[in-house]
Amino acid sequence: MLALLTLSCHQKTTKQKTEKKLPRIAIAGLGIESSTFSPAQTHEEAFHARIGDSIFGRYPFFAEGTDVRKRAEWIPTLLGKSLPGGIVTREAYESLVEKTLKMLEENGPYDGLFFDIHGAMSVVGLDDPEGDLIKRIREVIGTEVLVSTSMDLHGNVSERLAQHSDLITCYRMAPHEDALESKARAITNMLDRLENGQGKPAYKAWIPVPILLPGEKTSTRIEPGKSLYAKIPSIEAQEGVTDAAIWIGYAWADEPRNHAVVMVTGDNKEEVTTGAEQLANAFWNVRNEFEFVAPVATLEESLKKALASNKQPFIISDMGDNPTAGGAGDVTWTLRELLGRPEFKSNEGPSLIYASIPGPELIEEALKVGAGGKVCAVVGAAVDDRFAPPLQLTGTIMAIKEGDRDAEVEVVVKIGSANVIVTKKRKPYHQENDFTDLGLNPRQTDIVVVKIGYLVPELYEMRGDWIMALTPGGVDQDLERLGYQRIKRPMFPLDKDMEDPDLTARLIPASDALK
């Protein structure tokens, strides 16, 4: 009997040893690109916060039955992602943070945290919100937990964010066609290190690079961005290197952390530091080669080229008020100029689509009269009226669509040969079905004007021709006009003749070594 009991105990112990205990990994993050040069403010509802298991729906690799889903016990807490916009109110930030911290506290302990952020959030009265957020999260989950941070390459990596992140990576493409791939890499790096017992990387090299450029000049579609980012895989492939990343940074916020950064993480000190220095120097050496990703001109010159073209559609980027970069999205200056042109006064004029302008008053009128009815109401400049006042539109309602996540309600107003898309709330127009769902055919339209900077892939493939117009707004491409007061100087290209900076790698202590 004793022998049987001994055998049974031995079998139970052996089974326990062979059973794989899955790591417990939390998911949390807030993401927005916030222009401090826009008068707009962003409130909590803009983040469309997902709570708990609904977070899985944002990531295909978290679908039930996937390898990633099976490799850990996942504890999704709060994930909020907003369209780019103005500075976030302190009340909104604190509310979202408190909810996150409460959920993390209730569901711990954890082995890891997937920290999914953008990296360019600005908050009223608070510098470096992402650094503040991860520090406060650390106070709840502890410093031993392995934190893997995923970011947009237009985010900012402060020293505090680098300190509290154990693994950190960002996109390697602009436009961000590798966004999901980059997030998956952040998760896989964390899972691998938890499973093999390596834990926190021994070294994190952080190099601030005093360059501040807009995304429209640093696209990886063209040189030198294309070749610069192509250097990352060879650095990452080095023995003892876990990840390598280059952040362009965010140009439309005036904070000390706004500048480029290079980071390399891993366990081999020499490879980590050397790799980071190679990337930082490569970036600095090509600083003068960055140019706009497409031809750039004034709106007047852009229209002249578009009207002379026989390629459909000729796309004009209304860059200064780009809501996907942090503009208010309601500057009426460009639309006023367009509708004032004689070419578009008649139904027989060149066909034009303008996407888009917020106008809740017009939306209300349109819902009353319905498609085919006439409408006369003001639109735009409710938030940013610095460049032009609200604009009165008088025209025929061609289409009404309700239920959009961002716009809520969309209306097409025909004015002469122009189809103006008016929205209840601001919305960027990126996909062909954004237009076709409204009964518009952009491919057979002479000129399409979008509030955007560089074209996202679907618009890029659709274009007959393309130009980026230097228009005013909260994300003005003329950085000299913005009037920075708080960024670190000297900074290229604002200080073109600055001396070469010190690009020596700075080793950031591990999160559990901080005092």
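This tour proceeds through a predicted model, one selection at a time.

**Aromatic pairs**

Begin with the rings of Phe61 and Phe62. A pair of aromatic rings is described by the distance of the centres and the angle of the planes. The model contains 12 aromatic pairs. In the pair of Phe61 and Phe62, the centres are 5.2 Å apart and the planes stand at 55°, so this pair is classed as tilted; the tilted class lies between the limits of 30 and 60 degrees. Phe61 counts as buried, with 13% relative accessibility, and Phe62 is likewise buried, at 0%.

Select Tyr250 and Trp252 next. Their rings form an edge-to-face pair, with 5.9 Å from centre to centre and 75° between the planes. Both residues are buried.

Return to Phe61 and Phe62 and widen the selection to Phe56, Tyr59, Trp74 and Phe114; together these residues form one aromatic cluster.

**From the cluster to Ser150**

Phe114, a member of that cluster, is also a contact of Ser150, which makes Ser150 a convenient next selection. Ser150 is located in strand 8, residues 146-151. Is Ser150 buried or exposed? Its relative accessible area is 0%, so Ser150 is buried. Leaving aside residues up to four places away in sequence, Ser150 touches Phe114, Phe115, Asp116, Ile117, Thr169, Ser182, Lys183 and Ala186.

**Arginines over rings**

Now display Arg221 together with Tyr460: Arg221 lies over the face of the Tyr460 ring, 3.8 Å from the ring centre. Then display Arg287 with Phe492, where Arg287 lies over the ring face at 5.8 Å from the centre.

**Cis peptide bonds**

Remain at Phe492. A cis peptide bond with omega of about 10° joins Phe492 to Pro493, and Pro493 is found in the loop between strand 21 and strand 22 (506-507). A further cis bond joins Ala355 and Ser356, with omega of about 0°; Ser356 belongs to strand 15, residues 352-358. Most residues other than glycine have a negative phi, and most peptide bonds are trans.

**Positive phi**

Select Asp128, in the loop between strand 7 (112-116) and helix 4 (129-141). Asp128 is not a glycine, yet its phi is positive, at about 55°. With a relative accessible area of 8%, Asp128 is buried.

Ala381 is the next stop, in the loop between strand 16 (374-379) and strand 17 (391-404). Its phi is also positive, near 60°, and its relative accessible area of 6% makes Ala381 buried.

**Helix 10**

Select residues 299-308, which make up helix 10. Which residues of helix 10 are buried? They are Leu299, Ser302, Leu303 and Ala306. These residues lie on the same side of helix 10, because they cover an arc of only 95° around the axis. Turn the view to the face directed away from that buried side: Glu300, Lys304 and Ala308 are the exposed residues there. To see what covers the buried residues, add elements including strand 13 (296-297), strand 14 (314-318), helix 11 (333-339), strand 20 (447-450) and strand 21 (465-469).

**The largest pocket**

Finish at the largest pocket, whose volume is about 1,400 Å³. Its lining comprises 49 residues, and Leu83, Pro84, His176, Thr324 and His430 lie nearest the centre. Three elements are to be highlighted as giving two or more residues to the lining: strand 5 (73-81), helix 6 (179-195) and helix 14 (457-462).

Conventions. Residues are numbered from 1 along each chain as its sequence is written. This is a predicted model: local features need pLDDT of at least 70, side-chain atom pairs count only at pLDDT 80 or more; totals for chains, interfaces and linings use all residues. Side-chain values use heavy atoms; hydrogens and water are left out. Rings of Phe, Tyr and Trp (its six-membered ring) pair if their centres lie within 6.5 Å; planes under 30 degrees apart count as stacked, over 60 as edge-to-face and the rest as tilted. Buried means under 20% relative accessible area, exposed over 50%, partly exposed in between (1.4 Å probe, protein chains only). A charge sits over a ring if NZ of Lys or CZ of Arg is within 6 Å of the ring centre and within 35 degrees of the ring normal. Helices (H or I, at least four residues) and strands (E, at least two) are DSSP runs, numbered from the N terminus. The arc is that of the directions from the helix axis to the C-beta atoms. Contact means heavy atoms within 4.5 Å. On a 1 Å grid over the protein atoms alone, a cavity is a set of points where a 1.4 Å probe fits but cannot get out, and a pocket is an open set with protein on both sides within 12 Å along at least five of seven lines; lining residues have an atom within 4 Å of a point. Grid points are joined across faces, edges and corners, and a volume is the space filled by probe spheres set on the points.
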